[in-house]
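Here's a quick tour for anyone opening this structure for the first time. Have a look at the sequence and the model, then work through the notes below.

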Amino acid sequence: MTRHLEFEGPYNFRDLGGYPASDGQAVRWGLLYRSSSLGRLTSATDLERFRALDIGTVIDLRYPWEIERRGRIPELDGVAYHNLSIEHRPYDQAEIDPGLDPWRYLADRFAEVAEDGAAEIRTVLELIAGAERPVVFHCAAGKDRTGLIAALVLTLLGVGEDDVAADFALTELVTNRLVADWRAANPGRTLRWPAFGRAPEEVIRLALADLAAAHGSVHAYATGKIGLDGALVGRLRARLLTA
């Protein structure tokens with residue numbers, strides 16, 4: 001199976017299948033995808049490739065104002081679109097103080113999203129668990145908001161932290177693309193933060209450790225702060241794990 005799926009517009013489009021989980025199971029291929037903005041999904045070739053995946057649910061994690069500026073996936077027959085902005089405190093990564101610890105700074109933003117966006121995150125997980133066809137979720141770059149949701153889902157499925165962190169860090173393969181896109185969209189601005197576009201394992205490891213410190217574990221965060229019940233977690237596992 002293929003982890004990275006190639007499109008002309010969207011990049012960082014990946015299948016979350018194949019990771020080993022608890023009890024000898026593994027995440028099923030072809031059911032759950034993560035991506036950068038699908039507002040770039042405009043060419044006939046890309047739309048054909050997208051339809052071939054039989055995706056029935058698109059979850060857009062961006063702010064509504066981001067969608068207004070950058071667009072969203074075209075309306076497609078049989079595809080349900082949901083905008084669930086899990087981040088509530090916008091910040092400009094290009095302007096982050098270069099003197100700050102970059103990975104601690106990003107992990108702190110992830111902690112904010114986990115707390116502020118609990119209601120939206122719950123809905124995201126409900127949509128994934130209840131979908132009858134494959135699902136894709138995305139933000140702008142498919143890095144931070146998307147990375148947090150991927151980490152939560154994989155952890156609830158029983159995927160080990162090393163694999164969760166490795167999946168997060170695959171975005172490092174498109175860091176240069178992220179920087180180039182920012183420069184193209186912001187002529188005349190200076191990119192102050194040298195860590196822009198980076199996604200090392202340390203960020204998500206810190207974020208998961210913060211959740212465990214605050215709530216006892218990621219599972220306790222999901223059942224406590226988010227309010228998921230055991231039945232929904234069970235449906236998530238039944239849908240996304242091999243028998």
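Which residues line the second largest pocket? They are H4, L5, E6, F7, P10, Y11, N12, F13, L170, L173 and V174. Before going further, keep in mind that this is a predicted model. The notes start with the sheet, move on to two helices, and then come back to the pockets and a couple of loop residues.

**The sheet**

- Let's start with the overall layout: 5 strands make up an open sheet, and their order is 1-2-5-3-4.
- The pairing in this sheet is mixed, and the general idea is that strands of a sheet pair through backbone hydrogen bonds, either parallel or antiparallel.
- Strand 1 (14–15) and strand 4 sit at the edges, each pairing on one side only.
- The antiparallel sense shows up between strand 1 and strand 2 (residues 32–35), which are paired over 2 bridges.
- Within that pair, R14 is found opposite R34 of strand 2.

**Strand 3 and its neighbours**

- Strand 3 (residues 57–60) pairs with strand 4 (residues 80–83) in the parallel sense, over 4 bridges.
- Strand 3 also runs parallel to strand 5 (residues 135–138), and 4 bridges join these two.
- V58 is a handy residue to follow here: its bridge partner in strand 4 is Y81, and its bridge partner in strand 5 is V136.
- Further along, D60 has N83 as its bridge partner in strand 4.
- In a regular strand the side chains alternate between the two faces of the sheet.
- For strand 3, both faces are covered: T57 and I59 are buried on one side, while V58 and D60 are buried on the other.
- Strand 3 is also part of a right-handed β-α-β unit, together with helix 2 (residues 64–70) and strand 4.

**Two helices with a buried side**

- As background, an α-helix has 3.6 residues a turn, so residues three or four places apart point the same way.
- In helix 1 (residues 44–52), the buried residues include D46, L47 and F50.
- Those three cover an arc of only 95 degrees around the axis, so they end up on the same side of helix 1.
- Turned away from that buried side, helix 1 has a face carrying the exposed residues A44, E48 and A52.
- Helix 10 (residues 230–240) has L232, V233, L236, R239 and L240 buried.
- Looking down the axis of helix 10, you'd see these buried residues fall within an arc of 130 degrees, which means they line one face of the helix.
- The exposed residues G230 and A238 are on the face of helix 10 that is turned away from its buried side.

**The pockets**

- Rolling a probe the size of a water molecule over the atoms shows where empty space is left.
- The largest pocket holds about 1100 Å³ of space.
- Its lining has 31 residues, and the closest to the pocket's centre are E66, R70, A140, W182 and F196.
- Helix 2 and helix 7 (175–185) each contribute at least two residues to the lining of the largest pocket.
- Helix 7 gives the most to that lining, with 5 residues.
- Sorted by class, the lining of the largest pocket has 14 nonpolar, 5 polar and 12 charged residues.
- The second largest pocket, whose lining opened these notes, contains about 150 Å³ of space.
- Its lining residues divide into 8 nonpolar, 2 polar and 1 charged.

**Two loop residues to look up**

- L170, one of the residues lining the second largest pocket, belongs to the loop between helix 6 (161–169) and helix 7.
- Is L170 buried or partly exposed? It counts as partly exposed, because its relative accessibility is 22%.
- L170 and R235 are 65 residues apart along the chain, and their C-alpha atoms are separated by 27 Å.
- D144 is in the loop between strand 5 and helix 5 (145–156).
- With a relative accessible area of 12%, D144 is buried.
- P10, which is also among the residues lining the second largest pocket, is 134 residues away from D144 along the chain, and the C-alpha atoms of the two are separated by 16 Å.

Notes: Residues are numbered from 1 along each chain as its sequence is written. This is a predicted model: local features need pLDDT of at least 70, side-chain atom pairs count only at pLDDT 80 or more; totals for chains, interfaces and linings use all residues. Side-chain values use heavy atoms; hydrogens and water are left out. Two strands pair if DSSP finds at least two bridges between them. A crossover is right-handed if, with the strands pointing away from the viewer, the path from the first strand over the helix to the second runs clockwise. On a 1 Å grid over the protein atoms alone, a cavity is a set of points where a 1.4 Å probe fits but cannot get out, and a pocket is an open set with protein on both sides within 12 Å along at least five of seven lines; lining residues have an atom within 4 Å of a point. Grid points are joined across faces, edges and corners, and a volume is the space filled by probe spheres set on the points. Ala, Val, Leu, Ile, Met, Phe, Trp, Tyr, Cys and Pro count as nonpolar, Asp, Glu, Lys and Arg as charged, and the others, Gly among them, as polar. Buried means under 20% relative accessible area, exposed over 50%, partly exposed in between (1.4 Å probe, protein chains only). The arc is that of the directions from the helix axis to the C-beta atoms.
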